[in-house]
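Here are some notes to read with the model open beside you. They go from one helix pair to a few single residues, and then to the chain as a whole.

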Amino acid sequence: MLSSLGHAVVYAVLAGALLVLAYYVLDLVTPGHLGSHLRGVDERGDESVHAASKSAAVVTSAWLVSNAAVLFTAIWTNGARDLGEALGWTLAFGALGIVLNAVMFFVIEAITPGDLRKIVTSPGPVRPLAYVAASSALSVGLIVCASIA
């Protein structure tokens with residue numbers, strides 16, 4: 001039992017680190033500081049509900065759920081292997097999910113009108129294009145999950 005608990009801790013640390021990385025990659029592909037868009041920081045640096053981007057919240061949530069699903073599937077599918085090998089698969093598929101989500105974000109931006117990155121981070125209600133970006137992130141995650149299983 002202690003061995004399984006230790007494995008769970010190792011998987012949680014690796015998955016947590018990859019989810020943090022996924023967040024920072026999304027932060028890199030969107031203009032400004034993603035945390036400021038989520039918290040609603042205005043041009044003076046003060047927090048304001050009117051400066052918050054609900055679109056950024058929808059896309060960030062979908063992005064993280066997508067990558068978490070990939071990590072879950074990699075761990076679930078490879079958990080019976082040697083811990084080192086299973087961690088390697090989890091790391092590889094986790095990184096692949098992050099990269100493919102970033103690529104798809106730019107593809108969606110290229111094929112839709114407007115500036116997706118600016119739209120996603122604009123303050124106010126959720127914009128329809130944010131739902132498209134969120135759906136594409138979830139779709140990428142499901143496709144990577146299917147390739148693992």
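**Notes on a predicted model**

1. A good place to begin is the pair H4 and H6, which cross with a right-handed sense. Please keep in mind that this is a predicted model. The axes of the two helices come within 9 Å, and the crossing angle is roughly 145°.

2. Which residues make this contact? On the H4 side they are Phe93, Gly97, Leu100, Asn101, Met104, Phe105 and Ile108. H6 contributes Val132, Ala133, Ser136, Ala137, Val140, Val144, Ser147 and Ile148. By type, 11 of the contact residues are nonpolar and 4 are polar, with no charged residue in the set.

3. H6 deserves a look in its own right. The helix covers residues 128-148, 21 residues in total. From first C-alpha to last it reaches 31 Å, close to the 30 Å expected at 1.5 Å a residue.

4. Next, the buried residues of H6. These are Leu129, Ala130, Ala133, Ala134, Ser136, Ala137, Val140, Gly141, Val144, Cys145 and Ile148. The cover over them includes three helices: H3 (54-78), H4 (83-111) and H5 (116-121).

5. Asn78 is worth selecting next, and you will find Asn78 in helix H3. Is Asn78 buried or exposed? Asn78 counts as buried because its relative accessible area is 4%, under the 20% cut-off. The side chain of Asn78 reaches back to the backbone oxygen of Ala74, at 2.9 Å. If neighbours within four places in sequence are set aside, Asn78 is in contact with Tyr11, Ala86, Trp89 and Ile148. The last of these, Ile148, is also one of the buried residues of H6 and takes part in the contact with H4.

6. Thr121 makes a nice companion, this time in helix H5. With a relative accessibility of 6%, Thr121 is buried. What does its side chain reach? The partner is the backbone oxygen of Arg117, at 2.9 Å. Beyond residues up to four places away in sequence, Thr121 touches Thr30, Pro31, His37 and Ser53.

7. That list leads on to His37, in helix H2 (residues 34-39). His37 has a relative accessible area of 17%, so it falls under the 20% limit and counts as buried. Leaving out neighbours within four places in sequence, its contacts are Pro31, Gly32, Ala51, Ala52, Ser53, Ala56 and Thr121. You may also like to check His37 against Lys54: the two lie 17 residues apart along the chain, and their C-alpha atoms are separated by 8.5 Å.

8. Finally, the view of the whole chain. How many helices and strands does the protein chain have? The count is 6 helices and 0 strands, and read along the sequence the pattern is α-α-α-α-α-α. The C-alpha trace spans about 50 × 35 × 20 Å along its principal axes.

9. Two totals round this off. Of the 149 residues in the protein chain, 42% are buried. Among contacts with a separation of 6 or more, 70% come from residues 24 or more positions apart.

Definitions and conventions:
Residues numbered from 1 in each chain as written. Predicted model: local features only at pLDDT ≥ 70, side-chain atom pairs only at ≥ 80, totals over all residues. Heavy atoms only, no water. Helix = DSSP H or I, 4+ residues; strand = E, 2+ residues; numbered from the N terminus. Expected span 1.5 Å × (residues − 1). Buried < 20%, exposed > 50% of the residue type's maximum accessible area, 1.4 Å probe, protein only. Contact = heavy atoms within 4.5 Å. Axes fitted to C-alpha atoms, helices over the stretch in contact; angles between N-to-C directions. Left-handed = near helix turned anticlockwise from the far one by under 90°. Nonpolar A, V, L, I, M, F, W, Y, C, P; charged D, E, K, R; others polar. Polar contact = N/O pair within 3.5 Å; in protein donor to acceptor, adjacent residues only side chain to side chain.
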